[in-house]
Amino acid sequence: MPFVSALIALLAIFACARASTCVVANCGLVQCPSTCLRCNPPYLTYNGACITADACPSSHSPTSSDPTLPRACAPNLCHAPAPASSVCTSCRNGKYLLNGLCLNSCPTGYSGTFNSSQFFRRCEIKATPAAVCVAGKSNCQQCASSTACAMCKNTAYLLNGTCYSSCPSGYLGRGKGSFARFCVRAPVHTVCAVGVNHCTACANNRCTRCGNAQYLFDGECVATCPALLSPTGSKATGRTCV
């Protein structure tokens, strides 16, 4: 059966070729065909490859000064880069994250999330509140001030003092009843890798357990839980938002 033999040979060649493309020099965790998610120390992960610290561009810097730890070459002032990318997922030194970059302040149309620490600040789209908040109207059950709602009704979702029928793009809805539903910022999902972004365990490409006193929220590790969610746990690992 020459056709079957030829097919088997072709599949063997394809498998061999695929196996060879799933190797990246100095990489400890590869995403096929040729993207490195975590490099072997002392090499740094940069745009899916492994480079030396000297090769890290001047606009970037290593995420740790310890050459024995898995590290990445990330944008300056970046606290947690996405695996296999130069895109940032959280900033440090009081900078604000917007579209993968760390900014000194948020541009027009955005407001910075309040965070007492110097990490995990973001720029979020400003919601235009109603000119006057009246309890019982515009799906608002309770007002926080004359211009901002504190609790919505009629299954509406609260975001920045305004009630929405559904959460805007980039946000997730929370709550099940007719009252007190709210929107939270959707986490930036990346390829889950143990040791990256404070994650200590992964399942189905999502983090299932966090370390470094971070809280697990929707498959990501965050420094603080979103509004109206409660932090649980007091150890350095296993903390969650509920």
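Tutor: Let's settle one definition before we start: a strand is a DSSP run of E with at least two residues, a helix is a run of H or I with at least four, and both are numbered from the N terminus. Please also keep in mind that this is a predicted model.

Student: Thanks! Then where is Ser178 found?
Tutor: Two strands frame the position: strand 17 covers 171–174 and strand 18 covers 181–185. Ser178 is found in the loop between strand 17 and strand 18.

Student: Is Ser178 buried, partly exposed or exposed?
Tutor: The cut-offs decide this one: buried is under 20% relative accessible area and exposed is over 50%. Ser178 has a relative accessible area of 37%, so the residue counts as partly exposed.

Student: Which residues is Ser178 in contact with, leaving aside its neighbours within four places in sequence?
Tutor: One partner shows how the chain comes back on itself: Ser178 and Thr155 are 23 residues apart in sequence, yet their C-alpha atoms are 4.3 Å apart. With the neighbours within four places set aside, Ser178 is in contact with Cys152, Lys153, Asn154 and Thr155.

Student: Let's widen the view. How many helices and strands does the chain have?
Tutor: The chain has 242 residues, and 36% of them count as buried. Its secondary structure comes to 1 helix and 24 strands.

Student: What share of the contacts with a separation of 6 or more comes from residues 24 or more positions apart?
Tutor: Here we take the contacts in the chain with a separation of 6 or more as the whole. Within that set, residues 24 or more positions apart account for 32%.

Student: What share of the exposed area do carbon and sulfur atoms supply?
Tutor: The chain exposes about 13,400 Å². Of that area, carbon and sulfur atoms supply 57%.

Student: How many disulfides does a search of the whole structure find?
Tutor: As a reminder, a disulfide is a covalent bond between the sulfur atoms of two cysteines. One of them joins Cys27 to Cys36, with an S to S distance of 2.1 Å, and both of these cysteines are buried. The search of the whole structure finds 11.

Student: How many residues apart in sequence are the parts that Cys56 and Cys73 tie together?
Tutor: Cys56 and Cys73 are joined by a disulfide, S to S 2.0 Å, and the link is right-handed with 90° about the S-S bond. Cys56 lies in the loop between strand 4 (49–51) and strand 5 (60–62), while Cys73 lies in strand 6 (residues 71–75), so the parts tied together are apart in sequence by 17 residues.

Student: Is the disulfide of Cys225 and Cys241 left-handed or right-handed?
Tutor: The sulfur atoms of Cys225 and Cys241 are 2.0 Å apart. The torsion about their S-S bond is about -90°, so the disulfide is left-handed.

Student: In which strand does Cys241 lie?
Tutor: Cys241 is buried, with a relative accessible area of 13%. Its partner Cys225 lies in the loop between strand 22 (220–222) and strand 23 (231–232), whereas Cys241 lies in strand 24.

Student: Which strands stand at the edges of the sheet with the order 22-21-24-23?
Tutor: This is an open sheet of 4 strands with mixed pairing. Inside it, strand 21 (residues 215–217) and strand 24 pair in the parallel sense over 2 bridges, with Tyr215 opposite Arg239. The edge strands each have a single partner, so one side of each is left without a neighbour in the sheet; they are strand 22 and strand 23.

Student: In the sheet with the order 16-15-18-17, what is the bridge partner of Leu158 in strand 16?
Tutor: Strand 15 (residues 157–159) and strand 16 run antiparallel, joined by 3 bridges. In strand 16, the bridge partner of Leu158 is Cys163.

Student: Last one: which elements give two or more residues to the largest nonpolar core?
Tutor: That core has 15 residues, and those touching the most other members include Cys163, Phe217 and Cys241. The elements giving two or more residues to this core are strand 14 (149–152), strand 18 and strand 21.

Note on methods: Residues numbered from 1 in each chain as written. Predicted model: local features only at pLDDT ≥ 70, side-chain atom pairs only at ≥ 80, totals over all residues. Heavy atoms only, no water. Buried < 20%, exposed > 50% of the residue type's maximum accessible area, 1.4 Å probe, protein only. Contact = heavy atoms within 4.5 Å. Areas by Shrake-Rupley, 256 points an atom, 1.4 Å probe, with all protein chains shown as cover. Disulfide = S-S within 2.5 Å. Pairing = 2+ DSSP bridges. Core = buried A, V, L, I, M, F, W, Y, C linked by side-chain atoms within 4.5 Å.
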